[in-house]
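Let's take a walk through this structure together, one piece at a time. Keep the 3D view open and turn it as you read.

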Amino acid sequence: ERLAQLEREATAAAVERQKDEEANRFSRHEVKNGVLAALSQLDSISAEMRRKVGLEAGATFHRSLASMRSGLTHTLETVLSQALARDVLHGNYLPRTAPCKIEQALGLAWQINERFPLTTHPSPLPVVDIDQRLLCLVHRNALSNACKYGRHGGVVATEVVLAGDQLTIRVVNEPGEQHESVRGLDPASVFAKGTRLHRVSSDEAIATARVSKGDGGWVMAKCAECMLGECSIAFREAETVFELRCPAPQRLEESFLDEADLSAGVTALAIDDCEFQLVCLEAVFASLGIPEESTTLIGTTDEEVKGAADTIVAAVEALPPDGRLLLIVDENLDLAFPSSETVSGSYAARTALNRMPPSEEARTLVLVRSANDSESDVALYNERTHGFLSKAPSEPDRRTVLRTWVTRFGCEAVTRKGAPARSAADSAQLDDEDEMRAAAAAELRRLGALIGAGRASA
């Protein structure tokens, strides 16, 4: 009987996990793409209005657009947070650190005002390397819990301290109605699965515990573990203090990324079945300084999608001797209705790369762009191509592309303000010179050894 019960529980857990993964995939791809497309349309309408009627003449219209954008952004953050939490709990999330401005990130996660003050030490904080999505999820949940269980309408303060490479974030709230009942509890129990520390409040306005599963603290602890950190809570007489501690090394090359671009010797190719996403990628290429005449955008017809591999090969073959190709391809390329077929962008890119000699692939950077960012998905993209570009990035796409570009080709492969760009031919020549110097040094060492041996025998 006990074995049968364990089997039923294991089966139920497996079914629940499968349903969560399916819901996550739907949330990441369909919902996220829909909201992102709507945001792109809003930005296009706003830019067109500024161009035609000016900012002052269309002030009311611009405020309405800004309100719509705020609502859509909030919806997107909610969807992403729920999907992220499921991935973390199931072990499907691969943490990705990126440069993060803490004040800006936490300000976007919650409205910072007199009720929600934010203080930092030092001020301002330097840019640090951290997973912004995990950081914002933990902070948002901490603030939400402080509002639920702290004094109704009371101040909820956030304090951020960076000491060396260690980041500490504290969320402090005033005591709530049931504060005394939890002061004697073990704080570690807050972060256990299914723990609900508060009974239903007598105040209907703040009676939120009735719908709580008690997993909030558990989710926060799991997120902290993903960041190689930990979280704790202290129920003091006059306040409750939640604390997150995790590593956050500083970024030192931000000025380099601000000065660098890909304006010389780079051809850009974007493949996406969504016209609005192509507009977004066109803006990414423009931000990288790639000339418009060196940019190609395809994917809105079945012929372009099915011929993606051929197009990639042709683009590389058409490169000048010192040129390089930047390719950004969407993972899910849907064929037009009534077809229900979807072409894998990463597979098409891998097919094209397999048709090239190594010397040609060495001149390409292929990035897969997708809303699906689970650990298994990202591993597949990295196996087939050279990297992954999220549709909900934690930093501007320009910076992500530049980092990957420099990692693949070196700092010499970018153009910097006031410095000439080094072409692929120049780099190859320098590499040849390095090889010749190394060979000459080896030959000198060999001759020295022979001379030494000859003297010894004499």
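In what order do the 5 strands of the open sheet with mixed pairing run? The order is 2-4-5-7-6. Bear in mind as you look that this is a predicted model. At the edges of this sheet sit strand 2 (118-121) and strand 6, each pairing on one side only. From one strand to the next, the twist averages 15 degrees.

Let's zoom in on one of those edges. Strand 6 covers residues 230-235 and strand 7 covers residues 240-247, and the two pair in the antiparallel sense over 6 bridges. To get from strand 6 to strand 7, the chain goes through a hairpin of 4 residues. You can pick out individual partners here: Ile233 has Phe242 in strand 7 as its bridge partner, while Ser232 stands opposite Glu243 in strand 7.

Now look at the two sides of strand 6. As a rule, side chains in a regular strand alternate between the two faces of the sheet. In strand 6, Cys231, Ile233 and Phe235 make up the covered face, whereas Glu230, Ser232 and Ala234 are on the uncovered one.

Helices lie across this sheet too. Helix 6 (residues 216-226) lies across strand 6 and strand 7, and its direction is at about 140 degrees to strand 6. Then there's helix 4 (residues 132-149), which lies across strand 4 (156-163), strand 5 (166-173) and strand 7. Helix 4 runs at about 20 degrees to strand 5.

Time to move along the chain to another sheet. Here 5 strands form an open sheet in the order 10-9-11-14-15, and the pairing is parallel. Its edge strands are strand 10 (295-298) and strand 15 (387-390), with each pairing on one side only. Neighbouring strands in this sheet are turned by 20 degrees against each other on average, if you ignore direction.

For a closer look at the pairing, try strand 11 (residues 324-330) and strand 14 (residues 364-370). They pair in the parallel sense over 6 bridges, and Leu326 has Leu365 in strand 14 as its bridge partner.

This sheet has helices lying across it as well. Helix 11 lies across strand 11 and strand 14, running at about 165 degrees to strand 14. Helix 13 lies across strand 14 and strand 15, and runs at about 130 degrees to strand 15. Strand 14 therefore turns up under both descriptions, if you'd like a landmark to steer by.How do helix 11 and helix 13 sit against each other? Helix 11 (residues 345-354) and helix 13 (residues 375-384) pack at an angle of about 20 degrees, with their axes 9 Å apart. That angle makes helix 11 roughly parallel to helix 13. The crossing of the two helices is left-handed. On the helix 11 side, Ser346, Tyr347, Arg350 and Leu353 take part, and they meet Tyr381, Glu383 and Arg384 in helix 13. Sorted by class, this contact has 3 nonpolar, 1 polar and 3 charged residues.

Finally, step back and take in the whole protein chain. Its secondary structure comes to 15 helices and 16 strands. Of the 458 residues, 42% count as buried. Among contacts in the chain with a separation of 6 or more, 71% are between residues 24 or more positions apart.

Terms used. Residues numbered from 1 in each chain as written. Predicted model: local features only at pLDDT ≥ 70, side-chain atom pairs only at ≥ 80, totals over all residues. Heavy atoms only, no water. Axes fitted to C-alpha atoms, helices over the stretch in contact; angles between N-to-C directions. Parallel < 35°, antiparallel > 145°, perpendicular 65-115°, else oblique. Left-handed = near helix turned anticlockwise from the far one by under 90°. Contact = heavy atoms within 4.5 Å. Nonpolar A, V, L, I, M, F, W, Y, C, P; charged D, E, K, R; others polar. Buried < 20%, exposed > 50% of the residue type's maximum accessible area, 1.4 Å probe, protein only. Pairing = 2+ DSSP bridges.
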